[in-house]
Amino acid sequence: MFCTQLALSLHLHKTIGMAQRLIQEQTQKQQQLQRLSSQQMLQIRLLSMPIAKLEEHISAEIDDNPALEPSKEAMDNERDDIADNDDDTLTDEQLTEKEDRKEAMDDALEGFGKDDEMPTLPFQRRSDGNADYEEMMYGDTTSFYDKLKEQMAEMVLTEEESNIMEYLIGSLDDDGLLRKSIDNITDELAIYNNIYVSQEDVEKMLGKLQTFDPAGIGARSLKECLLLQIERKKDSRLKELMRKAVDECLDDFTSRKWGEMKEKLGIDDMQLDDLLAEIKKLNPKPGASLGETESINSQQIIPDFIVDTSEDGDITFYLNQGNVPELTVSPSFTDMMRTYRDKKESMSQREKDAYLYIREKVEHAQGFIYAVEMRRQTLYKTMKAIIEWQQKFFRSGDELDLKPMTLKDISAKTGLDKSTISRVSNIKYAQTRWGIFPLRYFFNDKYTNSNGEEASAKYIVMLIKELIDNEDGDNPLSDEALSKAMKDKGYSIARRTIAKYREKLGIPSARTRKHNNQR
């Protein structure tokens, strides 16, 4: 009986032990996944940043983490010697840095072992030249997104609301419209930013964004964009007519079915003329008025890639590093880590706290350095694939030489995820022999003609322009006629698509072109 109880007791003890180990292993795995997720989030954030934004972020990170520092070329050559040299052999700059680093370390270690929270180190590394540099590069021409963020800064928002608002602003297209669904925004916030909010939370912040200037920003459709602008007008009979016209007769308006509009709205010709004049004052592309368009002046931006094409047609490129320094983990911190590890068994509680603090800062610095390097490799790989795909354009500079190319194409060529390619191409620019282009410029939808040959959307646009340039001025081609003419060339392009491309070229409708010619 005693033996049976002993066996059961041993078995129970063994089972409990196994359960505890499983729980411990599961906890460790969860912690590892959490750390991995945090590192991935960092890499995603850095990947989305253009070079100017990256400079700011790295500077702030150096300020926040004393274990992270820029490595200077002069110090790189002397680093091994400096550790053994007397202070008399150091330059004034090196002496000041050494003293500042020592003082920061002393301040940090002073609070270890106390019950309150670990102190943060006020270690300033930002140079005085940064403000002048930013002013020189940007002057008074603030970007589309910066102008919206300036308005955002004037609002009282929680941290979560600020994160949602910033993501919404970053999701707007060049026209200032939000093409993504609220459902997708919610998913992306969770997946890419580790922010878990409801669709109602996103809708609420979108409503606030839609109060920003210019009116129409953040709209999800042309109709919503126009209605947002109408709502800001003073109450009047004309305002009510505009709202009803856009809400109920937008298709009639775009198709110029004036008779049907008059019938639906119950108005006469004079009232229709007044109504149309006011509607035409509305801006279907409010983002364009904020200055971030594809024709943005090259002096207002800093290219992320420099592409050079020689006279022989050889294409080379490199990443613009700007003022981004080479980063390294502070030797002071690594020396402290080594010292504490050597006496790990005999450490006091204060020393253990110090060791944990230093290790955390070092690991964070190492993770940040790795994320910066991954960003560099990803950008390089993506641009290399784009140049290989579009090498004909980079040699000629002729828009017609741009081949059809999608995110999926570059994703397959690089082995990178399509969302990664999208982030690389967002708000980044390439300086070429032919000018500075946003990376989005090189991506084209493709059309296939009746012979099975592929053509880019830009090629289709150029064909449409050619048709209009050669038309009879007294009898200009309607969008329907242009669609038929394109079909004769082997490309089946819908009338609505023709209208979209015509508007993109800034060419008025056939009726307006005829009217202008007659005048």
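What follows is a short exchange about two residues and their chain in a predicted model.

Biologist: How many helices and strands are there in the chain?

Modeller: The chain has 519 residues, and buried residues make up 41% of them. Its secondary structure counts come to 22 helices and 8 strands.

Biologist: Is Thr-432 buried or exposed?

Modeller: Thr-432 sits in strand β5, which covers residues 429-432. The cut-off for buried is under 20% relative accessible area. Thr-432 has 9%, so it is buried.

Biologist: Which backbone nitrogen lies 3.0 Å from a polar atom of the Thr-432 side chain?

Modeller: Start with the contacts of Thr-432, leaving aside neighbours within four places in sequence: Val-307, Phe-394 and Phe-437. The polar partner is another residue, and its backbone nitrogen is at 3.0 Å from the side chain. That nitrogen belongs to Trp-434.

Biologist: Where is Ser-425, and is it buried or exposed?

Modeller: Ser-425 is in helix α18, residues 418-425. Its relative accessibility is 7%. Buried means under 20%. Ser-425 therefore counts as buried.

Biologist: What does Ser-425 touch, not counting residues up to four places away in sequence?

Modeller: Within its own helix, residues 418-425, a polar atom of the Ser-425 side chain lies 3.1 Å from the backbone oxygen of Ser-422. That residue falls inside the excluded stretch of sequence. Beyond it, Ser-425 touches Leu-407, Leu-439, Arg-440 and Phe-443.

Biologist: What share of the exposed area do carbon and sulfur atoms supply?

Modeller: The chain exposes about 30,500 Å². Of that area, carbon and sulfur atoms supply 47%.

Key. Residues numbered from 1 in each chain as written. Predicted model: local features only at pLDDT ≥ 70, side-chain atom pairs only at ≥ 80, totals over all residues. Heavy atoms only, no water. Helix = DSSP H or I, 4+ residues; strand = E, 2+ residues; numbered from the N terminus. Buried < 20%, exposed > 50% of the residue type's maximum accessible area, 1.4 Å probe, protein only. Polar contact = N/O pair within 3.5 Å; in protein donor to acceptor, adjacent residues only side chain to side chain. Contact = heavy atoms within 4.5 Å. Areas by Shrake-Rupley, 256 points an atom, 1.4 Å probe, with all protein chains shown as cover.
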